[in-house]
Amino acid sequence: MKNPIAYLLIFLGTCSMPEGLTAQQRWQIDIDGGIRWNVDGRIPHYDHIEMSGQYLSAVLRYGVNADGSFSLERSLVWPMLRTIPNNTHASLMRRFGIDFVSQLQVNGRSLNRETVKSMRLNGLLTVESELGAGDEPTDRGPALVALTRTYFPAMDQPVFYERYTLKNITDRVIEVTVPVQHTIYHTDPEKGVSGSYTLLAQLHIPSGGVHYLKPGEVCMFDASIQAHSDDQQAIVPNVDAAQQVRAAFVAEMWSKLVFHSPDETLNTAFAFAKIRAAESIFNTKGGYMHGPGGESYYAAIWANDQAEYINPFFPFLHYDIGNASALNAFRHFARFMNPEYKPIPSSIIAEGDDVWGGAGDRGDAAMIAYGAARYALARADREEAEQLWPLIEWCLEFSKRKINADGVVASDSDELEGRFPAGDANLCTSSLYYDALISAAYLAEELRLPRRVATNYRRQAKRIRTAIEQHFGATVEGFDTYRYYAGNDVLRSWISIPLTVGIYDRAPETIDALLSPRLWTTDGLLTQAGTETFWDRSTLYALRGIFAAGEIEKAMTYLNHYSTTRLLGDHVPYPIEAWPEGSQRHLSAESALYCRIFTEGIFGIRPTGFHRFSMTPQLPDDWDHMQLQNVGAFGVRPFDIHIERSGSQLTANLLRGGTPFRSYTFRPGETIQVEP
């Protein structure tokens, strides 16, 4: 460190750390593994959450008004009902502010007074309230009914479901009247790829519209909103069946790849992230396509979100639909290999019918090679790997041909697509290319290719690593770290990328720079020092890299703050895309990046073959154990990894069905080779 200003920045950051990293909590962890907000005086408060199934995504803008009543607007997206022009954003989208409860009558009067008591999130949104009727909304007489609302998307239908349960909380019989509602909307046929679309919002009354409830008795009614094209039939709603399927999906996510530690917030945040990462997969005519979401990105794939961020994660989760979507994404990208080595599109959109490449070459080939090689190794399916090898090989050759006179990989932009400068060659692309070469060498050996293939890739990796240091290594704002591109003299969040691919040459001051007040804020990393823009993806990469570099205690402090904020703060329960762009949307792949902090950062797992991996566990000082349970990667039956402290050493036990079958003892920070 050559600049005393850097020392001051670190000192200020350290001094302010306890106050600056005190996360504000609104929610608390519930007994069922979900989270709950017991509504207190901190109202009004509003938030939004995205939930998805294979044919529908829903963004719920919900909250509690100043008078204690519930507020909800549903933004529903049908990705396979395409609109004109059929571009990236051409999913049928409609917002519904229908208040079904306001249409009820109790003893002949509308329920015009409400007090929300609590809300719960566990893959569904549940709201508990008490309601009454008065001559004026300000008439605060006794409540008549307790109401439980439950909202969720169908997993296998283009339907959004709602369930309402009313309980008589008076000491006398009450009459509850539920109206018949069957509202149909038709869209403009000139604006739909398949002509006009029909939207249907309706109430379902199982046993008639009038109920007489004795004290303590309950009645239930349901609502649904669906959409279909003219050549499709409306679905007969079945809320019970749909809720069971949704609950089964959540249960599956919470039973596979379970992270367990003494920190319940981290355990729960990891569990929630798996839901969002895995639910946003759409059954398109082009096959299963994982989509970011955010009311913008559906029935499409990207080289960064899918190939780079989430696809390497799916084998660990052993979620069949997730693995199918990953393989399908790589097959789509492979369609665009060409002998002239023209760039592969950044995104394949409209269910596979079109492409987007508006930012030019973003380093997409490096992203795809990185993700495909890691996925193939962790998936450990020889047939799939043989299918993917030509794509990996092509992308590596494309990147090699883009190496400039300085020995690094040139590209037109990066994954931020021109939002911030990236020069003619950026640190991200070359780092991903380096990692892809390492993985490709391992994969070539597994596929029993000629020895020279793996040897050649390792030689190329060595050269690009040297070039990364020589070209990007620099003193920036007093820190001996990396410049993001030639001419860059302001700290950037993506200086964390080398740490995530095993390059630790400049780790100490890179970490100091990342955690300095120039980059770190209460919302995570700024994209560029001196701005107000943050993207969670760079924060998630940085936390993974800081753990991987062995700075466990620093990383844990910031991970705890981040996780508490995202899980239990004012905008919950998932990692987000960015701010101010997108208003902190719950894009799906960011949740996979959160999980990879644990699998690759804290546990330090790197696939090195179909049935083996290296592991460098980073057990925090105040933990005596941590576990990854029901790991599905590496082509073997699911297994558990238990890390325990044993005096000055660590022990890693591998278990299957609760029975240990392998044990390793090693020093903290040591890398071990594991064969599950």
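How many bridges join strand 31 to strand 36, and which way do the two strands run? In this predicted model, three bridges join strand 31, residues 612-615, to strand 36, and the two run antiparallel. Ser 614 stands opposite Gln 673 of strand 36.

Now the sheet around them. It is open, has three strands in the order 30-31-36, and is paired antiparallel. The edges are strand 30, residues 605-609, and strand 36, residues 672-674; each has a single partner strand, so one side of each is left without a neighbour in the sheet. From one strand to the next, the twist averages 30°. Helix 9, residues 427-446, packs on this sheet and touches strand 30 and strand 31. Its direction makes about 40° with that of strand 30.

Next, Met 615. Leaving aside neighbours within four places in sequence, Met 615 is in contact with ten residues that I will list in part: among them are Phe 603, Ile 605, Ile 641, Ala 652, Ile 672 and Val 674. Met 615 also belongs to the largest nonpolar core, which has 202 residues. Together with Tyr 62, Trp 78, Leu 121, Leu 559, Tyr 594 and Phe 603, Met 615 touches the most other members. Helix 7, residues 364-379, supplies the largest share of this core, twelve residues. Another core, of seven residues, lies apart from it and includes Ala 154, Val 159, Val 239 and Ala 242.

On to the aromatic rings. The count is 32 aromatic pairs. One of them, Phe 100 with Tyr 164, is edge-to-face, at 6.4 Å centre to centre and 70° between the planes. Phe 100 is in the loop between strand 6 and strand 7, Tyr 164 is in strand 12, and the two are 64 residues apart. Both Phe 100 and Tyr 164 are buried.

Tyr 562 and Tyr 594 have ring centres 6.2 Å apart and planes at 25°, so this pair is stacked. Tyr 562 lies in helix 14 and Tyr 594 in helix 15, so the pair ties together parts 32 residues apart in sequence. Tyr 562 and Tyr 594 are buried too. Ring pairs also link these two tyrosines into a cluster with Phe 259, Phe 270, Phe 598, Phe 603 and Trp 623.

Last, charges over rings. Arg 458 has its charged end over the ring of Tyr 442, 5.3 Å from the centre. The charged end of Arg 656 sits over the ring of Phe 661, 4.5 Å from its centre.

Notes:
Residues numbered from 1 in each chain as written. Predicted model: local features only at pLDDT ≥ 70, side-chain atom pairs only at ≥ 80, totals over all residues. Heavy atoms only, no water. Core = buried A, V, L, I, M, F, W, Y, C linked by side-chain atoms within 4.5 Å. Buried < 20%, exposed > 50% of the residue type's maximum accessible area, 1.4 Å probe, protein only. Helix = DSSP H or I, 4+ residues; strand = E, 2+ residues; numbered from the N terminus. Contact = heavy atoms within 4.5 Å. Phe/Tyr/Trp six-rings, centres within 6.5 Å; stacked < 30°, edge-to-face > 60°. Lys NZ or Arg CZ within 6 Å of the ring centre and 35° of its normal. Pairing = 2+ DSSP bridges. Axes fitted to C-alpha atoms, helices over the stretch in contact; angles between N-to-C directions.
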